[in-house]
Amino acid sequence: MANKEHLKIVKLGVEAWNKWRQENPNTLPDLSGAYLIGANLSRVNLSGADLSGADLAEADLFKANLTEADLSGADLTKANLSEADLSGANLIKANLSEADLSEADLTKANLTEADLTAVKLMWTKLTGVDLRGANLSQ
């Protein structure tokens, strides 16, 4: 379950969140299970965050920093992750169907058993990605 303080801050907007991250560099955010459907998180710093089981369907994560984030079991259906940095991210069993990952960096990300149905992967960096059991249809 998400830390209530972290959830409150992220809902204030990207500027407030990124300022809080700068002021609290040693705090790893816990947004596990958070309900963030359609949230505008463009350019947000969620590096190292626990977003496991979070609902980020249709969220705007354009150019978001999600390096080393835990997105296992997260719902990212139709999310905009174009140009996002997901290097080293854990996306085990995440639902990325119809998401836009154009120009995203997925270097060494774990996408084991992830749903990548109809995902956009134009110019996406996939070096060292684990795609075992992933659904890559369409």
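How exposed is Glu 98, in terms of relative accessible area? Glu 98 has a relative accessible area of 45% and is partly exposed. The structure is a predicted model, and the values below are computed from it.

## Backbone at Glu 98 and Gln 138

Glu 98 is found in the segment after H2. Its phi is near 65°, a positive value in a residue that is not glycine. Most residues other than glycine have a negative phi.

Gln 138 is another residue with positive phi, again near 65° and again not a glycine. Gln 138 also belongs to the segment after H2. With a relative accessibility of 79%, Gln 138 counts as exposed.

## Helix H2 and its two sides

Helix H2 covers residues 14-23. Its buried residues include Val 14, Trp 17, Trp 20 and Arg 21. Viewed down the axis of H2, the buried residues fall within an arc of 130°, so they line one face of the helix. These buried residues pack against helix H1, which spans 4-10.

The other side of H2 carries Glu 15, Lys 19, Gln 22 and Glu 23, which are exposed. An α-helix has 3.6 residues a turn, so residues three or four places apart point the same way. That spacing occurs on both sides of H2: Trp 17 and Trp 20 are three residues apart, or about one helical turn, and Lys 19 and Glu 23 are four residues apart, also about one helical turn.

## The aromatic pair

A search of the whole structure gives one aromatic pair. The ring centres of Trp 17 and Trp 20 are 5.0 Å apart and the ring planes meet at 40°, so the pair is tilted. A plane angle under 30 degrees would count as stacked and one over 60 as edge-to-face. Both Trp 17 and Trp 20 are buried.

## His 6 in helix H1

His 6 sits in helix H1. At 6% relative accessibility, His 6 is buried. The His 6 side chain reaches the backbone nitrogen of Asp 30 at 2.9 Å.

Beyond its neighbours within four places in sequence, His 6 is in contact with both members of the aromatic pair, Trp 17 and Trp 20. The other contacts of His 6 are Thr 27, Leu 28, Pro 29, Asp 30 and Leu 31. Asp 30 is thus named twice for His 6: in the contact list and as the residue whose backbone nitrogen the side chain reaches.

## Salt bridges

Side chains of opposite charge can pair when their charged atoms come close. The count for this model is four salt bridges, and three of them are described here. In H2, the side chains of Lys 19 and Glu 23 form a salt bridge at 4.0 Å, N to O. Both Lys 19 and Glu 23 are exposed.

The side chains of Glu 113 and Lys 93 form a salt bridge at 3.9 Å, N to O. Glu 113 and Lys 93 both lie in the segment after H2, so the pair ties together parts that are 20 residues apart in sequence. Glu 113 is partly exposed at 44% relative accessibility, while Lys 93 is exposed at 53%. In the salt bridge of Asp 130 with Arg 132, the N to O distance is 2.4 Å. Asp 130 is buried at 18% relative accessibility, and Arg 132 is exposed at 59%.

## Nonpolar core

The largest nonpolar core contains 44 residues, and those with the most contacts inside it are Leu 71, Leu 76, Leu 81, Leu 86 and Leu 91. H1 and H2 each contribute at least two residues to this core. H2 gives the largest share, three residues.

Leu 81 has contacts with a series of leucines, namely Leu 61, Leu 66, Leu 76, Leu 86, Leu 96 and Leu 101, when residues up to four places away in sequence are not counted. Leu 81 also touches Asp 100 and Ala 104.

## Surroundings of Ser 102

Ser 102 lies in the segment after H2. Ser 102 is buried, with a relative accessible area of 10%. Leaving aside neighbours within four places in sequence, the residues in contact with Ser 102 are Ser 82, Glu 83, Lys 120, Met 122 and Thr 124.

How values were computed: Residues numbered from 1 in each chain as written. Predicted model: local features only at pLDDT ≥ 70, side-chain atom pairs only at ≥ 80, totals over all residues. Heavy atoms only, no water. Phe/Tyr/Trp six-rings, centres within 6.5 Å; stacked < 30°, edge-to-face > 60°. Buried < 20%, exposed > 50% of the residue type's maximum accessible area, 1.4 Å probe, protein only. Contact = heavy atoms within 4.5 Å. Arc of directions from axis to C-beta. Polar contact = N/O pair within 3.5 Å; in protein donor to acceptor, adjacent residues only side chain to side chain. Core = buried A, V, L, I, M, F, W, Y, C linked by side-chain atoms within 4.5 Å.
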